[in-house]
Amino acid sequence: MKFSERQSRPIAPVEVAGGPVQEVVKLGEEVDLTTVPLLTHYDVNAAPYITAGIVVAVDPDTGVRNTSYNRLMMAGTRELRIFMAIGRHLWTLHNKLERQGRALPIAIVIGVHPLFSLGAQAFTPATEDEYAVIGGMMGEPLRLVKAKTVPIPVPADAEMIVEGQILPHVRRTEGPFGEFTGHAVSKDERPVIEVTAITHRKNYIFQDVHAGYTEHKLMGAVPREAALIKAVRQTVPTVKSVCMPVSGNCRFHAYISIAKRTPGQAKNAICAAFAADMLLKHVVIVDEDIDVFDEEQVLWAVSNRFQADKDLVVIANAQGSELDPSAGPGGVNAKMGLDATKPLDGFAPELRVPEDVMNKIRLEDFLPGFCK
């Protein structure tokens, strides 16, 4: 995949003296989030949200920069409240500094190139600088300028930067919010961001993601599929393709095709997939003759090649997504894997019209008036 190829060739960013993103600078008491065109998409949303904000944070011990999309609720002229997925890099950084009683400086990047957006969602080890990954995705070094109030270099060519810090030991109500599942998540106590600066272009374009619609789901599909196929291939080298379909919110379902060589490979692939992506709930393994991007073919394989008493894997009480409306507290849920592959010792033959017969059929013999 092109995504994986570019991710494997990071390009280090370069620092520049200035850039369009700092044409207008507002500091301290000048900051007023109510002047930014934040949107409220649904009647259930508690307030306007930043939905296309890429949060940048730096590990103070290593200097490695992390980028991630997080929903951000406006709660005042200089206050945002943030949802962070349990166990992800930003959550881990905040947790580490909070234990020390320290705030986590952040920069929220709004308005970027589509390849920047994809690179910001790449699954990387905590030791890899994600600005370099974004550069690899774009095929050129990312231009960075020094932020005005936080020790983080920020993209010089973005539309807007919101600078601030996630406060330690402060929680306030965030939500409800209409999420990618098409359901609202309830309100909860979340960390608080104190905004210290806003910089932007003179005539900036405010980028927004319409939460719960297909664009919201597809944004995460490409990076997740690339990470999943790489991870599962380490256990089952004969993996052919991976699809995380829109019907599963591009997060909860995975269809994986393999060239099956041993009886237990499909179940190994199921376990590898769940280990690689904790958000996955349902994994279907099919043979290489099934197109995983054609959901009708996948479900056909389930209906014809799957028996629940021997081909089903269920894992109870596993960590899943907090945004799954059917999950328990903290996102704990059950995971299900389906082995919809044929046994290696023989299976009922599929119907095929002989090739020589197909070659003899001429449509014009039956519909002469339609084939001119």
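Two strands are taken here to pair if DSSP finds at least two bridges between them. With that in hand, a convenient place to start in this predicted model is strand β19, which spans residues 332-340. Strand β18 (residues 312-319) is joined to β19 by six bridges, and the two run antiparallel. Within this pairing, V313 finds its bridge partner in G337 of β19. Strand β17 (residues 282-287) is also joined to β19, here through five bridges and in the parallel sense. H282 illustrates this second pairing, since its bridge partner in β19 is M336.

One residue of β19 deserves a closer look. N333 lies in this strand, and its relative accessibility is 8%, so N333 counts as buried, the cut-off for that class being under 20%. Which residues surround N333, leaving aside its neighbours within four places in sequence? The contacts of N333 include K281, together with the run I315, A316, N317, A318, Q319, G320 and S321. D324 and A327 complete the list of residues in contact with N333. Strand β18, which covers residues 312-319, is thus represented among these contacts by residues such as I315 and N317.

Attention now turns to a pair of helices. Two packed helices are described by the angle between their axes and the distance between the axes. For helix α5 (residues 214-235) and helix α6 (residues 265-276), the axes come within 9 Å and cross at roughly 135°. How should this arrangement be classed: oblique or roughly antiparallel? Angles over 145 degrees would count as roughly antiparallel, whereas those from 65 to 115 count as roughly perpendicular; α5 and α6 are therefore oblique to each other. Their crossing is right-handed. On the α5 side, the helices meet through L228, A231, V232 and T235, while α6 contributes N268, A269, A272, A273 and A276. By class, this contact has seven nonpolar and two polar residues, with no charged residues.

A further element of the model is an open sheet of three strands, in the order β1-β9-β10 and with mixed pairing. Its edge strands are β1 (14-15) and β10 (153-155), each of which pairs on one side only. β1 pairs with strand β9 (residues 143-146) in the parallel sense, over two bridges. In this pairing, the bridge partner of V14 is R143 in β9.

Conventions
Residues are numbered from 1 along each chain as its sequence is written. This is a predicted model: local features need pLDDT of at least 70, side-chain atom pairs count only at pLDDT 80 or more; totals for chains, interfaces and linings use all residues. Side-chain values use heavy atoms; hydrogens and water are left out. Helices (H or I, at least four residues) and strands (E, at least two) are DSSP runs, numbered from the N terminus. Buried means under 20% relative accessible area, exposed over 50%, partly exposed in between (1.4 Å probe, protein chains only). Contact means heavy atoms within 4.5 Å. Axes are lines fitted to C-alpha atoms, for helices over the stretch in contact, and angles run from 0 to 180 degrees between N-to-C directions. Angles under 35 degrees count as roughly parallel, over 145 as roughly antiparallel, 65 to 115 as roughly perpendicular and the rest as oblique. A crossing is left-handed if the near helix is turned anticlockwise from the far one by less than a right angle, and right-handed if clockwise. Ala, Val, Leu, Ile, Met, Phe, Trp, Tyr, Cys and Pro count as nonpolar, Asp, Glu, Lys and Arg as charged, and the others, Gly among them, as polar.
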